[in-house]
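Please open the model in a viewer and keep the selection panel at hand. The stops below are given in the order in which they may be selected.

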Amino acid sequence: MLTVPEAEIYYEVRGSGPPLLLVNGGDADAAMFAPLAGLLADDYTVVTFDLRGNSRSRLTGPPRAQRIEEHGHDAHLLLGAVAGDEPAYVFGTSYGGMIGMDLLARHPGQVRALVAHEPFVIDLLPDAPHWHDLFQEVYELYQREGLDPAMRRFSTAIGVDGPPRAAQNLPVPVQQMLARIRANMETCLTYELRSFVRFRPDVDALRAGPFALVVGGEGPQTLVHRTARALEERVGTGIVEFPGGHVGFLSHPADFAAALRAAFGDIEAIVD
């Protein structure tokens, strides 16, 4: 556990080599990265963690709307505790990609290379007001009718499947993870989604930094593809397609690990 302002951050470290920080999105936690982290641990010291207020990272202050910048500061403090002065490779998916962008912009010396996977940068879209209204509608639906109707509305709108519900035929650790994620969805809808999507990345920092933008293979019909394209238009780095969909790191871990190693290598070749 790491003490940070108004929270206690749960994290895991495995492997050896240069530090690699894996940053989750919305309702996931460190366990979602376990297959990928295990494959990368031969080459890196892999750090995974639960975002503040989610799963095992408890808040020590009152719950309130959260900001990407707070989570970026958590990542900064965590890398300082684990890696010291050594710069780290960073991979972030969805909100995690946005957290990585904030880390790179404000603490560039900590980031050796950043790969952002399908960042949810809604505020860069020309129809951003529509999406802000929709996410408010999803929150109000959650308040009236509960989590499942709200998540169905959200998943249908963005074109990405939600996480599965726990089932008795799954291994106990998987059931426990899914139960944590279900609780995290409530946290996400109440305190994260509507404020996180107001984040606007520092485009100049991304242009100048060791940065790559990647998407999954679900196709341009998903909202996360649209947001990635909107960011690419501003940064001009190009986009690389990674295996699987929005959770390809979980569904295709071996192929995803290979693609991530290659992306880090490409970034360093350009920087060098």
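The tour passes from the sheet to the helices packed on it, then to the nonpolar cores and the salt bridges. The coordinates belong to a predicted model.

**The sheet.** Begin by displaying the strands as a cartoon. Seven of them form an open sheet with mixed pairing, in the order 3-5-4-6-7-8-9. Select strand 3 (11–15) and strand 9 (239–241): these stand at the edges, and each has a single partner strand, so one side of each lacks a neighbour in the sheet. From one strand to the next, the twist averages 25°.

Next, select residues 111–117 and 211–215, which are strand 7 and strand 8; they pair in the parallel sense over four bridges. Within this pair, Val-115 is placed opposite Ala-212 of strand 8.

**Helices on the sheet.** Add helix 2 (residues 68–83), which packs on the sheet and touches strand 3, strand 4 (19–23), strand 5 (45–49) and strand 6 (88–93). The direction of helix 2 makes about 150° with that of strand 4. Then add helix 10 (residues 253–271), which lies across strands 4, 6, 7 and 8 and runs at about 130° to strand 7.

**The nonpolar cores.** Which members of the largest nonpolar core touch the most other members? Select Leu-21, Phe-120, Phe-135, Leu-193, Phe-211 and Leu-231, which hold that position among its 59 residues. Centre the view on Phe-135: beyond its neighbours within four places in sequence, its contacts include Phe-120, Ile-122, Phe-154, Ile-158, Leu-193 and Leu-223. A second core, separate from this one, has 28 residues, among them Ala-37, Ala-113, Phe-249 and Ala-257.

**The salt bridges.** The count of salt bridges comes to 16. Select Asp-29 and Arg-56, whose side chains meet in one of them at 3.9 Å, N to O. Asp-29 lies in the loop between strand 4 and helix 1 (34–40), and Arg-56 in the loop between strand 5 and helix 2, so the pair ties together parts 27 residues apart in sequence. Is Asp-29 buried or exposed? Asp-29 is buried, at a relative accessible area of 0%, whereas Arg-56 is partly exposed, at 28%. Extend the selection to Asp-50 and Arg-180, which are linked with Asp-29 and Arg-56 in a network of salt bridges.

Finally, select Arg-153 and Glu-137, whose side chains form a salt bridge at 2.9 Å, N to O. This pair links helix 5 (residues 147–158), which holds Arg-153, to helix 4 (residues 128–145), which holds Glu-137. Arg-153 is partly exposed at 30% relative accessibility, and Glu-137 is partly exposed at 36%.

Key. Residues numbered from 1 in each chain as written. Predicted model: local features only at pLDDT ≥ 70, side-chain atom pairs only at ≥ 80, totals over all residues. Heavy atoms only, no water. Pairing = 2+ DSSP bridges. Helix = DSSP H or I, 4+ residues; strand = E, 2+ residues; numbered from the N terminus. Axes fitted to C-alpha atoms, helices over the stretch in contact; angles between N-to-C directions. Contact = heavy atoms within 4.5 Å. Core = buried A, V, L, I, M, F, W, Y, C linked by side-chain atoms within 4.5 Å. Buried < 20%, exposed > 50% of the residue type's maximum accessible area, 1.4 Å probe, protein only. Salt bridge = Lys/Arg side-chain N within 4 Å of Asp/Glu carboxyl O.
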